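Me: Please take a close look at one strand of this model and at what surrounds that strand. I would like one connected account rather than a list.

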Amino acid sequence: QGLPTLNRLSLPNLRIIRGETQFADEYSLVVYSDIETLYLPDLTEITKGGYILRPFTNDAAFLCNVRSINWTDILSEDNPTTVLKDTGCSDDSRPNCTAIGCGNCWCDDSADDCCQTLTADCPCDNRCFRSSVVQCCNAQCSAGCTGGNDFQCLACKNCQ
């Protein structure tokens with residue numbers, strides 16, 4: 001009690017979570033707080049580990065927007081441990097992604113970059129990018145790319 005709360009946790013430039021350090025040896029992203037909105041519009045990859053997204057309390061609507069995110073596209077490992085608990089969320093409290101022209105979104109404010117960028121939902125062995133057609137990223141890329149060459153990676157797979 002008496003702790004400040006956030007309406008929105010915003011990390012708009014976070015592109016990749018590599019998961020080298022994990023909570024309980026299995027979670028790379030942990031949000032355990034009473035925040036209404038988690039806003040990570042550039043997050044396209046969690047390389048290792050899963051996530052925990054849950055509020056402290058169960059008496060108000062928290063983390064409703066994360067239900068509209070395609071977490072499978074973000075996670076790189078097969079079957080990572082995930083915990084997703086939104087509370088008090090009705091259909092009205094979740095973002096209306098179709099209103100801003102996308103299938104998955106972090107918010108439905110047309111002033112923000114709210115649409116989720118999908119980089120794994122494609123017929124590639126690695127990540128992909130979308131222009132007029134879906135194209136595969138170079139094998140050295142993590143988190144997506146802007147073209148098929150190794151210098152067009154948004155993050156490098158073997159960066160240390």
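**Strand S10 and its surroundings**

Reply: Five of the five residues of S10 are buried, so this strand is largely enclosed by the rest of the structure. The model is a predicted one, and what follows should be read with that in mind.

A good place to begin is Ser 142, which belongs to S10, the strand covering residues 141-145. With a relative accessibility of 2%, Ser 142 falls under the 20% limit and therefore counts as buried. Once neighbours within four places in sequence are set aside, the contacts of Ser 142 are Ile 16, Arg 18, Glu 45, Leu 154, Ala 155, Cys 156 and Lys 157. Ala 155 in that list is also the bridge partner of Ser 142 in S11. The pairing between the strands consists of three bridges, and S10 and S11, the latter spanning residues 153-156, run antiparallel.

Glu 45, another contact of Ser 142, leads on to the largest pocket, where Glu 45 is among the lining residues that lie nearest the centre, together with Thr 47, Leu 75, Ser 76 and Glu 77. This pocket holds about 440 Å³ of space, and its lining comprises 24 residues. S10 supplies at least two residues of that lining, as does helix H1, which covers 71-74. Sorted by class, the lining of the largest pocket contains seven nonpolar, eight polar and nine charged residues.

Helix H1 in turn connects the description to the largest nonpolar core, since H1 is one of the elements that give two or more residues to this core, alongside strands S3 (27-32), S4 (37-39) and S6 (50-54). The core has 23 residues, and those with the most contacts inside it are Leu 29, Leu 38, Leu 53, Trp 71, Ile 74 and Trp 106. Ile 74, when residues up to four places away in sequence are not counted, touches Leu 43, Thr 44, Glu 45, Ile 46, Ile 69, Trp 106, Gln 116 and Arg 127. Glu 45 is thus a contact of Ile 74 and also of Ser 142. A second, separate core of five residues includes Cys 137, Cys 141, Cys 145 and Cys 153; of these, Cys 141 and Cys 145 fall within the residue range of S10, and Cys 153 falls within that of S11.

Trp 106, named above in the largest core, also helps to line the second largest pocket, along with residues including Glu 36, Cys 64 and Asp 108. The volume of the second largest pocket is about 160 Å³, and its lining divides into five nonpolar, three polar and four charged residues.

Note on methods:
Residues are numbered from 1 along each chain as its sequence is written. This is a predicted model: local features need pLDDT of at least 70, side-chain atom pairs count only at pLDDT 80 or more; totals for chains, interfaces and linings use all residues. Side-chain values use heavy atoms; hydrogens and water are left out. Helices (H or I, at least four residues) and strands (E, at least two) are DSSP runs, numbered from the N terminus. Buried means under 20% relative accessible area, exposed over 50%, partly exposed in between (1.4 Å probe, protein chains only). Contact means heavy atoms within 4.5 Å. Two strands pair if DSSP finds at least two bridges between them. On a 1 Å grid over the protein atoms alone, a cavity is a set of points where a 1.4 Å probe fits but cannot get out, and a pocket is an open set with protein on both sides within 12 Å along at least five of seven lines; lining residues have an atom within 4 Å of a point. Grid points are joined across faces, edges and corners, and a volume is the space filled by probe spheres set on the points. Ala, Val, Leu, Ile, Met, Phe, Trp, Tyr, Cys and Pro count as nonpolar, Asp, Glu, Lys and Arg as charged, and the others, Gly among them, as polar. A nonpolar core is a set of buried Ala, Val, Leu, Ile, Met, Phe, Trp, Tyr and Cys residues joined through side-chain atoms within 4.5 Å.
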